[in-house]
Amino acid sequence: MKDKLIIFDTTMRDGEQSPGASMNKDEKVRIAKALERLKVDVMEAGFPAASVGDFEAVKAVADVIKGSTVCGLSRALDQDIDRVGEALRNANSARIHTFIATSPIHMQVKLNMQPDEVIEHAVRAVKRARRYTDNVEFSPEDAGRSEEDFLCRILEAVIDAGATTLNIPDTVGYSVPDQFGTTIKNLIERIPNSDKAIFSVHCHNDLGLAVANSLSAVINGARQIECTINGLGERAGNTSLEEVVMAVRTRQDVFPCETSLDTREILTCSKLVSSITGFPVQPNKAIVGANAFAHEAGIHQDGVLKNRETYEIMRAEDVGWSANRMVLGKHSGRNAFKTRMIELGIDFSSEEELNEVFFRFKQLADKKHDIFDEDLQALISEASIDADEEIKFIALKVCSETGEIPRAYLTLSINNREVSADAEGSGAVDASLRAVDQLVDNSAALRLYSVNNITDGTDAQGEVTVRLEQDGKIVNGLGSDTDIVIASAKAYINAINKIKSSAVRSHPQKGTV
Ligand code: KIV
Ligand code: ZN
């Protein structure tokens, strides 16, 4: 029997810290259910002390998830720990993750504390967390730049205080594989009570080494990897879940452990996270990129047809790229639609909600022949966006012709009152966004505009992301439609709604403790 490698997903916490990637309660619940189907061992649902909304989101995840441990993050502060304990009260299996920085630069500049004080805080935090659960994780933040002797001291002390998982974060992505692996090996060998805890790693990708560092740590004794779907995360992101999981599975000759994930759910999770956050997946991204299993060059194709192992080291269907994808269409009834939604983990809170989304489904099926799971997820996103928004999209007409200046005629509902405007632009999208600006008071700067197709084919829905920034706040607006000009207007309106309503949330790692 090989050891188990614990997969700790932090898409909803560290992934969410990526500017513009914030998720609301319903979005987190949808992601959490997808992660549960993927069978992740632990999911970190957020940082409850950040705001009431964050607390509610972690609580909502803890209330519904039964198959995975739900974890919440806290600084080494009594009030943070109590907040996490409260949010996780109904969890079937709960973990509290507490952390404090241990590198010389963080202790001096950020914490303004002596090393002994840092140890005292860490021990106190772990003991307090143990009042709520016996599953407590401790992280020495910026361990990648901390002194090994100091790490040994603090980790020994927190194990004695009751920590059951010791997570070693390479917070700024500074480590390189051999050195990081050696650090893990040394810590396990040098800490006298190391056998009482599981060693975990949490790597950032600033040098593009997060996956390599995590795997090197596993070879040297780590038995938990912290990672995110699509490698989502601040700056260059976190360790990509799909890459580490498939590396361990594909190279069982190298790794002394195995995961218990249902890897066929990987692609669904990837598409869901991308669509909720508005962070597209690059086509050549390993495992989940559109080209990852496309053997287009003639020679490759020939080789694959003769024997797939000539060029394929993994099977596309093992990560969810299936040739026989379940489709719905114009003739699918309400029952088939509802059943598929339930299979995707989407529960309707009322018959009205089901009817509303079914109506949207029928409208889409009139325009598009095959409706895939990704289309259904986009419908849900659209429905929840519309329900909450102060500014709503009603209608758009665009005149665009070679040699003529495009003009858009737009109708919105603002606080339940219909208003219309028209505007010219350099193209149809530009004219539509300018028409929005005529109706809405908006001074945010446009930071990104991108269009991606949700599924294949020219009848596919386009999914547009619009990123806006104002006063240090960054939001991603999303819109989908078979007409990308309409999708663009919807995404822009969604971003404006978000920037108007989003509160400033505290960041767990930018405070003092
Ligand atoms: O990168 C980091 O150090 C973290 C900790 C809070 C674990 O995310
Ligand atoms: Zn991190």
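Me: Which hand does the crossing of helix 6 and helix 7 have, left or right?
Reply: This is a predicted model, so local features need pLDDT of at least 70 and side-chain atom pairs 80 or more, while totals for chains, interfaces and linings use all residues. Residues count from 1 along each chain as written, chains are lettered from A and ligands numbered from 1 in written order, and side-chain values use heavy atoms, without hydrogens or water. With the near helix turned clockwise from the far one by less than a right angle, the crossing of helix 6 and helix 7 is right-handed.

Me: At what angle do the axes of helix 6 and helix 7 cross?
Reply: Helices are DSSP runs of H or I, at least four residues; here they're 115–129 and 148–161. Their axes (C-alpha fits over the stretch in contact, angles 0 to 180 degrees between N-to-C directions) come within 9 Å and cross at roughly 25°. That makes the pair roughly parallel (under 35 degrees), given the crossing angle of roughly 25°.

Me: How many charged residues does the contact of helix 6 with helix 7 have?
Reply: Contact means heavy atoms within 4.5 Å, and among the residues meeting there are Asp 116 and Lys 127 in helix 6 and Arg 153 in helix 7. There are 11 nonpolar residues, no polar ones, and the charged count (Asp, Glu, Lys, Arg) is 3.

Me: Which strands stand at the edges of the open sheet?
Reply: The sheet has 3 strands (DSSP E runs, at least two residues) in the order 14-15-16, with antiparallel pairing (at least two DSSP bridges). Each edge strand has a single partner, so one side is left without a neighbour in the sheet: that's strand 14 and strand 16.

Methods. Parallel < 35°, antiparallel > 145°, perpendicular 65-115°, else oblique.
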